[in-house]
Amino acid sequence: MRKTLLLLVPVLLLGACSWGITLDDAAKSVRTAWSGDVSACRDLGKVTVSVMERVGPVDRNNIKVRDELEVLARNEAAKMHADTIKPLAEPADGSQPWGAYQCGAKVVPSARSSAPASSAPGNAQTFPIQGH
């Protein structure tokens with residue numbers, strides 16, 4: 001019984017890391033310009049967000065940490081009335097600075113896809129896959 005409890009505690013701690021980190025309704029309209037040009041946008045300032053990168057001696061999944069940082073940055077940018085964010089540096093020690101911008105109707109291209117996304121049924125987006 002004691003061994004089971006000792007094994008259950010780390011699982012609960014790791015699972016609890018992302019509880020409460022959700023995208024606010026206002027932040028759903030905030031776009032992420034991964035490497036897009038935001039020079040035509042109005043700079044509203046900088047936000048720095050942070051999450052736990054480690055739980056005790058265990059490193060958290062890097063992708064999960066990055067996703068949570070983006071969600072938090074979008075939430076903070078929405079409070080500033082920004083519609084676009086762009087990372088200013090790579091995450092370090094669970095923290096990352098982001099620029100907040102107001103671009104209006106201007107669509108800032110993302111480096112994650114080389115072609116525009118097409119809308120698919122059910123609020124999904126599809127992106128073309130490039131061959132090597």
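A helix here is a DSSP run of H or I with at least four residues, numbered from the N terminus. The views below come from a predicted model.

**View 1. A salt bridge within helix 2 joins E76 and K79.** Both residues belong to helix 2 and sit three residues apart, about one turn of the helix. An α-helix has 3.6 residues a turn, so residues three or four places apart point the same way. The closest N and O atoms of E76 and K79 are 3.0 Å apart. E76 is partly exposed, at 33% relative accessible area. K79 is exposed, at 57%.

**View 2. Helix 2 runs from residue 62 to residue 79.** Its 18 residues reach 26 Å from first C-alpha to last. That is close to the 26 Å expected at 1.5 Å a residue. At the start of helix 2, a side-chain oxygen of N61 comes to within 2.7 Å of the backbone nitrogen of I63. After helix 2 comes H81, with a positive phi near 65 degrees.

**View 3. Four strands form an open sheet.** The strand order is 1-5-6-2, and the pairing is mixed. Strand 1 and strand 2 stand at the edges. Each has a single partner strand, so one side of each lacks a neighbour in the sheet. Strand 1 and strand 5 run parallel and are joined by two bridges. R31 has T84 of strand 5 as its bridge partner.

**View 4. Helix 2 packs on the sheet.** It touches strand 1, strand 2, strand 5 and strand 6. The direction of helix 2 makes about 135 degrees with that of strand 2. The buried residues of helix 2 include V65, L69, A73 and A77. Charged residues are also among them, including E68, E70 and R74. The buried residues of helix 2 pack against strand 1 (31-32), strand 2 (42-50), strand 5 (84-87) and strand 6 (95-102).

**View 5. A salt bridge ties a loop to helix 2.** The side chains of E90 and R66 meet at 2.6 Å, N to O. E90 lies in the loop between strand 5 and strand 6, whereas R66 lies in helix 2. The pair links distant parts of the chain, 24 residues apart. E90 is exposed, at 54% relative accessibility. R66 is partly exposed, at 33%.

**View 6. D25 and K28 form a salt bridge.** Their closest N and O atoms are 3.4 Å apart. D25 is exposed, with a relative accessible area of 64%. K28 also counts as exposed, at 54%. The whole structure holds five salt bridges.

Conventions:
Residues numbered from 1 in each chain as written. Predicted model: local features only at pLDDT ≥ 70, side-chain atom pairs only at ≥ 80, totals over all residues. Heavy atoms only, no water. Expected span 1.5 Å × (residues − 1). Buried < 20%, exposed > 50% of the residue type's maximum accessible area, 1.4 Å probe, protein only. Contact = heavy atoms within 4.5 Å. Polar contact = N/O pair within 3.5 Å; in protein donor to acceptor, adjacent residues only side chain to side chain. Pairing = 2+ DSSP bridges. Axes fitted to C-alpha atoms, helices over the stretch in contact; angles between N-to-C directions. Salt bridge = Lys/Arg side-chain N within 4 Å of Asp/Glu carboxyl O.
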